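Visitor: I should like to learn how to read a structure of this kind. May we look at it together, feature by feature?

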Amino acid sequence: MLQLQGTWLSHLKFERDKPYFKALSAFVQSEYAEQSCYPPIDQLFNAFNSCPFEAIRVVIIGQDPYHGEGQANGLCFSVNEGIAHPPSLRNIFKELEADMKLSYPTSGDLTKWANQGVFLLNATLSVRSKEAGSHQKQGWEDFTDLVIKTLSEQKTDLVFLLWGSFAKNKKKLIDTSKHFIFESGHPSPMSANRGFWFGNKHFSKTNALFSVKGKSEINWG
């Protein structure tokens, strides 16, 4: 099941031998064999395979994949080409419009972000169809917490965008003396409509940091 590529293998290969990961692998394989689950099993590690370890510059943390048919593609908040944008993604794009003065994107596929070093990590990498949170507390969170810790320990000057209370709880895994953190409410309608999302300007703030450090900016459009 573990289909990591490139340098991710050298950083995470020992996880495969741990009891929790073996149990997780068995659970996921059973679920995919007996139930409809998302994303497609060959896209479980799309966030990793689309964004090499050495290329990561920004980390965005989601909770679990979309559970509707054809939506999830292994990148948090992202949907496949041609799929209607879910409410949270619509609000992300609305903030992007206002913050960066860009046109609202037609495609909800965020692979173009991942290819620029934006690591789009869900805390849980799989879900049963139409059952939100159904694969939580099976071991995925242990694995993805380790991923966040590894990034924090082995890299410098990453920008972590923590949207909502779930993502903010991951702050304890991040060394704030060597990385940058921007926090806001979640882009879901419940949070955004109460004033906790719109106006956070995380996209322009991230690029401003990179500009100051002489690094190329992210093309968010």
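Visitor: Which residues lie nearest the centre of the largest pocket?

Guide: Two remarks on the source come beforehand. This is a predicted model, in which local features need pLDDT of at least 70 and side-chain atom pairs count only at pLDDT 80 or more, while totals for chains, interfaces and linings use all residues. Residues are numbered from 1 along each chain as its sequence is written, and side-chain values use heavy atoms, with hydrogens and water left out.

Guide: As a general idea, rolling a probe the size of a water molecule over the atoms shows where empty space is left. On a 1 Å grid over the protein atoms alone, a pocket is an open set of points where a 1.4 Å probe fits, with protein on both sides within 12 Å along at least five of seven lines; lining residues have an atom within 4 Å of a point. Here the largest pocket is lined by 33 residues, and Gln63, Asp64, Phe77, Ser88 and His186 lie nearest its centre. The space in this pocket is about 570 Å³, a volume being the space filled by probe spheres set on the grid points, which are joined across faces, edges and corners.

Visitor: Which element gives the most to the lining of the largest pocket?

Guide: Helices (H or I, at least four residues) and strands (E, at least two) are DSSP runs, numbered from the N terminus. The elements giving two or more residues to this lining are β2, α4 (87-100), α7 (164-168) and α8. Of these, α7 gives the most, with five residues.

Visitor: In what order do the strands of the open sheet stand?

Guide: In general, strands of a sheet pair through backbone hydrogen bonds, either parallel or antiparallel. Two strands count as paired if DSSP finds at least two bridges between them. In this model the four strands have the order β3-β2-β5-β6, with parallel pairing. Because β3 (118-122) and β6 (180-184) each have a single partner strand, they stand at the edges, and one side of each is left without a neighbour in the sheet.

Visitor: How many bridges join β2 and β3?

Guide: These two strands pair over five bridges, and Val58 stands opposite Val118 in β3. On the pairing of β2 (residues 58-62) with β5 (residues 159-163), there are three bridges, and Ile60 has Leu161 as its bridge partner in β5.

Visitor: Which way do the residues of β3 point?

Guide: In a regular strand the side chains alternate between the two faces of the sheet. In β3, Val118, Leu120 and Asn122 point one way, and Phe119 and Leu121 the other way. Five of the five residues of β3 are buried, where buried means under 20% relative accessible area, exposed over 50%, and partly exposed in between (1.4 Å probe, protein chains only).

Visitor: Is Asn193 buried or exposed?

Guide: Asn193 counts as exposed because its relative accessibility is 61%. Asn193 sits in the loop between α8 and α9, as does Arg194, which is exposed at 57%.

Visitor: With which residues is Ser129 in contact, leaving aside its neighbours within four places in sequence?

Guide: Contact means heavy atoms within 4.5 Å. Ser129, in the loop between β4 (127-128) and α6, is in contact with Ser36, Cys37, Tyr38 and His67. Ser129 is buried, with a relative accessible area of 17%.
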